[in-house]
Amino acid sequence: MIDVKDLSVAFGQGEARKQVVKSVSLSVAKGETLGIVGESGCGKSTVLRSLAGLDRHWEGEIKLAGTAVAKTRTREQLLLAQMVFQDPYSSIHPRHRIERVLVEPMQSMKRGDGWDKVGPALEQVGLPAAFAERFPHELSGGQRQRVAIARALMLEPEVLLLDEPTSALDVSVQAEVLNLLSDLREQRNLTYVLVSHDLAVIGHMCDRVLVMKDGSFVDELTRDDLKHGRTHSDYARELFAASYL
Ligand SMILES: Nc1ncnc2c1ncn2[C@@H]1O[C@H](COP(=O)(O)OP(=O)(O)O)[C@@H](O)[C@H]1O
Ligand SMILES: [Mg+2]
């Protein structure tokens, strides 16, 4: 579903130029959840933004559903992979009713007006259809993140790019949102790339995880490795030792 070869991303010019992602490769099969774990600033979000088509600083090759994408994507290519961001407070327009939050991507991508899909989309993420009328400030953090997930799914993507999707939420609702994501993946045969600095989240969700450090992948762990705390690099070993998995 996703094939990436030698993806590099650099920001800035001349002296200020900074290589943030250093020739990384990855592939994700349909229906699989690939995790990317690593310390803050190592380049995780930059990889996701490149995959989503939100960042054009990348070099290398990105294939989605078998097709190599250019920096400027076709509408079909943009629809394929949708992003869910960490902070549902800043990713949802504060003065728009939830129904408008949900239909806007549909309309901007010329996928119909979307109004008839609002109720089912909310119910699918475990919210009452009546929430369509509400404003974001009337929802909890977990409910808002459910709205953000519903908004991404409105466009019927095959891939969800999840950037720390539960990091901004209370611990008590994190598991609920993760379980929702697992159920949705199963129901819709979705493919996930899940970025987190939290190894417990990664262990709960992922079939495979890439360990990222300073813009490179330094280790790859299977679900079995995760379960048994097996690592293949000093860095991953340190990361695990510092976590509570
Ligand atoms: N648009 C940008 N312009 C300049 N530097 C950026 C930009 N986006 C990210 N960076 C830098 O790239 C590095 C990696 O960022 P990021 O991918 O957000 O890391 P992570 O998600 O792993 O915390 C950071 O040093 C960050 O400051
Ligand atoms: Mg990030």
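Arg 73 is located in the loop that connects β5 (67–68) with α2 (75–80). In this predicted model, Arg 73 has a relative accessible area of 9% and is therefore buried, the cut-off being under 20%. The points below describe the surroundings of Arg 73 and then the open sheet, which is built from 6 strands.

**Surroundings of Arg 73**
- Leaving aside residues up to four places away in sequence, Arg 73 touches Ser 50, Leu 51, Ala 52, Gly 53, Ile 62, Leu 64 and Leu 78.
- Between Arg 73 and Gly 53 there are 7.1 Å in space, C-alpha to C-alpha, and the two are 20 residues apart in sequence.
- The Arg 73 side chain reaches two backbone oxygens: that of Ser 50 at 2.8 Å and that of Leu 51 at 2.7 Å.

**Sheet**
- The strand order is β6-β7-β8-β3-β9-β10, with mixed pairing.
- At the edges lie β6 (81–84) and β10 (216–222), each of which pairs on one side only.
- On average, and ignoring direction, neighbouring strands of the sheet are turned by 20° against each other.
- Strand β9 (residues 208–213) and β10 run antiparallel and are joined by 6 bridges.
- Leu 210 has Glu 220 in β10 as its bridge partner.

**Helices packed on the sheet**
- Helix α1 (residues 44–52) touches β3 (33–37), β6, β7 (159–163), β8 (191–196) and β9, and its direction makes about 155° with that of β7.
- Helix α10 (residues 234–241) packs on the sheet through contacts with β3, β9 and β10, and its direction makes about 100° with that of β9.

How values were computed. Residues are numbered from 1 along each chain as its sequence is written. Chains are lettered from A and ligands numbered from 1 in the order in which they are written. This is a predicted model: local features need pLDDT of at least 70, side-chain atom pairs count only at pLDDT 80 or more; totals for chains, interfaces and linings use all residues. Side-chain values use heavy atoms; hydrogens and water are left out. Two strands pair if DSSP finds at least two bridges between them. Helices (H or I, at least four residues) and strands (E, at least two) are DSSP runs, numbered from the N terminus. Axes are lines fitted to C-alpha atoms, for helices over the stretch in contact, and angles run from 0 to 180 degrees between N-to-C directions. Contact means heavy atoms within 4.5 Å. Buried means under 20% relative accessible area, exposed over 50%, partly exposed in between (1.4 Å probe, protein chains only). A polar contact is a pair of N or O atoms within 3.5 Å; within protein, one must be able to donate a hydrogen and the other to accept it, and residues adjacent in sequence count only if both atoms are side-chain atoms.
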